[in-house]
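Subject: Structure handover and notes

Dear colleague,

I am passing the structure below on to you, together with a written account of what was found in it. Please read the notes with the coordinates open beside them.

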Amino acid sequence: MPELPEVEALREFLAVHAVGRTVERVLPVAFHVLKTYDPPATDLAGRQVTAVDRYGKFLDLTVGPLHLVTHLARAGWLKWQDTAPAAPPRPGKGPLALRVVLDDGSGFDLTEAGTQKRLAVYVVRDPADVPGIARLGPDPLADGFDRDRLAALLAPESRLLKGTLRDQSLIAGIGNAYSDEILHAARLSPFKNAGRLTDEETTALYEALRTTLTEAVERGRGVAAGHLKKEKKTNLRVHGKEGEPCPVCGDTIRSVNFADSSLQYCPTCQTGGKVLADRRLSRLLKGAGP
């Protein structure tokens, strides 16, 4: 899933390549992708792209008085093309969801792999009209997001730390991968109660959060849109690395699996050597019987 660093890199890429260009046409290909109908997507044609912004994991192109807002969801991506195909795209079972063509012939495709079609595109007059943006918490890389702000957000929480970090209404932009990375850097268990951190743990979490996200944004800066996925995967230390040695201590990275996601962690660095119960293994053992 594209998270804050990747969406920020896409924002910077589009700010260079799309701002100043005029939208020639917008072509929805997948019926599910457009979540708004007034104003229609056709109203974007003939208007100039004047800015590109990011709200959490949402990407916002200002096109004249309108906004083309995208959430890439779990399996969506933006594919830039210096020369967009001349032939109109054909609706079908492929990954293409929407195509934007600019006045110089360049443009981008929004694609989505897999069968769970969650990529969403909105054409609105104000980004706040998008429900997902309206409910977002503060951006963790904003100047005003300091250690005390994080402490205040966590204080009333009774949830596990992993899920708390992923709650977009609490903190915007952190998903499954970077929450694993942040907790590993902070040496905190994903199952720790978010509202019961000590002062030292809160400071460690804040520093890990800012450092992890800032470094990821810096690595993505200037990287072409088509190479951002590989750059992210290459630099993750624990997420998606089950069975590999921890880059800090050498212990084996473990995984806890849920219905539609998983988390990775290092027992030595994060849980005092304790191996957390894997829901997947527990279900298998339960099903095996005596």
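The secondary structure of the protein amounts to nine helices and 10 strands. Its radius of gyration is 21 Å, close to the 19 Å that the globule rule gives for 290 residues, so the protein is as compact as a globular protein of that length. Please keep in mind throughout that this is a predicted model.

Some further overall values may help you to place the details. Taken along the principal axes, the box filled by the C-alpha atoms is roughly 60 × 50 × 30 Å, and 50% of the 290 residues count as buried. The protein exposes about 13900 Å², of which carbon and sulfur atoms supply 52%. If one takes the contacts between residues at least 6 apart in sequence, 65% of them join residues at least 24 apart.

The part I looked at with most care is a sheet. It is an open sheet of four strands in the order β1-β6-β7-β5, and its pairing is antiparallel. The edges are formed by β1 (23-28) and β5 (76-81), each of which has a single partner strand, so one side of each is left without a neighbour in the sheet. From one strand to the next, the twist averages 15 degrees. Helix α1 (residues 4-17) packs on this sheet, where it touches β5, β6 and β7, and the direction of the helix makes about 25 degrees with that of β5.

As for the pairing itself, strands of a sheet pair through backbone hydrogen bonds, either parallel or antiparallel. Here β1 and β6 run antiparallel and are joined by five bridges, with P28 standing opposite L98 in β6. Five bridges also join β6 (residues 96-102) to β7 (residues 107-112), and these two strands likewise run antiparallel. Along that second pairing, R99 has D109 in β7 as its bridge partner, while V101 stands opposite G107 in β7. The hairpin of β6 and β7 has four residues between the strands, and in it G105 takes a positive phi near 90 degrees. Strand β6 is mostly covered, given that six of its seven residues are buried.

A separate point concerns the cysteines, and you may ask why the structure holds zero disulfides. A disulfide is a covalent bond between the sulfur atoms of two cysteines. The cysteine sulfur closest to that of C249 is in C266, at 3.4 Å, which is too far for a bond, because the cut-off applied to a disulfide is a pair of sulfur atoms within 2.5 Å. Seen from C266, the closest cysteine sulfur is in C249, again at 3.4 Å and too far for a bond. The surroundings of the two residues can be described as well: C249 is partly exposed, with a relative accessible area of 36%, whereas C266 is buried, with a relative accessible area of 0%.

One last residue deserves a note, namely E231, which lies in helix α7 (residues 228-235). Is E231 buried or exposed? At 15% relative accessibility E231 counts as buried, because the cut-off for that term is under 20% relative accessible area. Leaving aside neighbours within four places in sequence, E231 is in contact with R219 and G220.

With kind regards

Technical notes: Residues numbered from 1 in each chain as written. Predicted model: local features only at pLDDT ≥ 70, side-chain atom pairs only at ≥ 80, totals over all residues. Heavy atoms only, no water. Buried < 20%, exposed > 50% of the residue type's maximum accessible area, 1.4 Å probe, protein only. Pairing = 2+ DSSP bridges. Axes fitted to C-alpha atoms, helices over the stretch in contact; angles between N-to-C directions. Contact = heavy atoms within 4.5 Å. Rg over C-alpha atoms; globule rule 2.2 N^0.38 Å. Areas by Shrake-Rupley, 256 points an atom, 1.4 Å probe, with all protein chains shown as cover.
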